[in-house]
Amino acid sequence: MSAGPPTDEDRLARVALTRVLEPGDEIGGRWLREAGPVEVLRRLGGEEKRLSGVTARRWEGLRARAARARPQEDLEAAGDVGARFVCPGDAEWPLPLDDLGDARPIGLWVRGRASLRIWAVRSVAVVGARACTQYGAHMAAELGAGLAERGWVVVSGGAYGVDGAAHRGALGAGGATVAVLACGVDRAYPRGHAELIGRIAEQGLVVAELPPGDHPTPSRFILRNRLIAALTRGTVVVEAAYRSGALATARDAQELGRFTMGVPGPATSGLSAGVHELLRGDGALVTDAAEVVELVGDMGDLAPERRGPVLPRDLLAPGAARVLAALPARGRATAGDVAVGAGTSVDDAVGRLYELQSLGFVERHGDGWQLTRQAFTAVFATGGES
């Protein structure tokens, strides 16, 4: 969708239009695609016939906003907090955002030193409930740290709960993280996360569609979620109720062809109900960063095989294992009794018993054989041979 590097006039027009058009406005996005930002702004500021797709009342509302736009002042305000304006055609523009079509951002206000385009190449969204449980916060922090340690950028919304835990996990591991805000990049929202967002700006990136000083609204939170989904290779949901912004992010990710993943929780928890519904659909179940990377990473980025501990009896040959299982849990048995129980000959049973004796599983007392304490623990304490 990008025709080439933007001119200074194009850039200034886009800055102004971030004051005029709401995030995700597809009608405005169509105007930008068909006429370009300079012409759209000119039409909004003149007395010509309105552009198609809006009512006269809506057009007048947009014109009123355009009359108040002060793009140069917005650029100066952004500069005061170390932010810049990135728009389509810039070297830093993340190409995955073009998948949003006419709903893609007019431009992005970016605070931090890193390149958003480069970071987006290896990024994963970790989102979830604001009022999360201790389990949810723990899992989000573990995922954030694990992904950061593997060289992945953790993207979230900077909110309380799961978002904040994921950001802190990445920061604590010395990794990269991006906070996508539903307000201006010069504002800390929520206010209780002022210090966290400041840390993210220093160590990572803070990104927003809205110009400096703008405030969040419920609709802007929902529209912000599409950026998180589009910017990343996949979205992980950690705790979410049936009605949840985090699930909206996952749905956006699915529509964009991105990976969607969920961390399971207790079946009795309402905060995990939405995640479980996601997993019943097209979402993939993940429990740690390795499993996330296996999905979103390159070929060969496989999670370790999951299995229980290897016990000494697991290494026995089948014949020896059958002889060991034929011994009683208490008391002794003759070689003949063991042979019957194991379904083998007496000579074979005797040979196997001496083999097991050398390995510490059995001991001989006269004509009888019995399990050692080591063997009893290995065979029966963990469930026995079932």
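This is a short walk through the sheet, one of the helices and some aromatic contacts in the structure above.

Okay, one thing up front: we're looking at a predicted model.

Let's start with the sheet. It's an open one, nine strands, with mixed pairing, and the order goes E1-E2-E6-E5-E4-E3-E7-E8-E9. At the edges you've got E1, residues 83–86, and E9, residues 284–285. Each of those has a single partner strand, so one side of each is left without a neighbour in the sheet. Further in, E3 (123–128) and E4 (153–156) run parallel to one another, paired over three bridges. If you want a spot to click on, Ala125 has Val155 in E4 as its bridge partner.

Now, helices on that sheet. H11, residues 245–255, packs on it and touches E3, E7 and E8. The direction of H11 makes about 155° with that of E7. Then there's H9, which lies across E2, E5 and E6, at about 105° to E6.

Let me stay with H9 for a moment. Which residues of H9 are buried? They're Leu196, Ile197, Ile200 and Ala201. Look down the helix axis and these buried residues fall within an arc of 140°, so they line one face of H9. What do they pack against? Strands E2, E5 and E6, plus helix H8, which is 162–172. Flip to the face turned away from the buried side, and you find Glu195 and Glu202, both exposed.

On to the aromatics. How many aromatic pairs does the structure hold? Four, and I'll show you two.

One is Tyr189 with Phe221. The ring centres are 5.7 Å apart and the planes sit at 40°; since stacked would need under 30 degrees and edge-to-face over 60, this pair is tilted. Tyr189 comes from the loop between E5 and H9, while Phe221 is in helix H10 (218–231), so to speak a link between distant parts of the chain, 32 residues apart. Tyr189 is partly exposed at 38% relative accessibility, whereas Phe221, at 19%, counts as buried. Phe221 has another visitor, too: Arg130 lies over the face of its ring, 5.2 Å from the ring centre.

The other pair is Tyr354 and Trp369, and this one is edge-to-face, with 5.1 Å centre to centre and 90° between the planes. Tyr354 is in helix H16 and Trp369 in strand E12, so the pair ties together parts 15 residues apart in sequence. Tyr354 is partly exposed, with a relative accessible area of 38%, but Trp369 is buried at 3%.

That's it from me, thanks.

Notes:
Residues are numbered from 1 along each chain as its sequence is written. This is a predicted model: local features need pLDDT of at least 70, side-chain atom pairs count only at pLDDT 80 or more; totals for chains, interfaces and linings use all residues. Side-chain values use heavy atoms; hydrogens and water are left out. Rings of Phe, Tyr and Trp (its six-membered ring) pair if their centres lie within 6.5 Å; planes under 30 degrees apart count as stacked, over 60 as edge-to-face and the rest as tilted. Helices (H or I, at least four residues) and strands (E, at least two) are DSSP runs, numbered from the N terminus. Buried means under 20% relative accessible area, exposed over 50%, partly exposed in between (1.4 Å probe, protein chains only). A charge sits over a ring if NZ of Lys or CZ of Arg is within 6 Å of the ring centre and within 35 degrees of the ring normal. The arc is that of the directions from the helix axis to the C-beta atoms. Contact means heavy atoms within 4.5 Å. Two strands pair if DSSP finds at least two bridges between them. Axes are lines fitted to C-alpha atoms, for helices over the stretch in contact, and angles run from 0 to 180 degrees between N-to-C directions.
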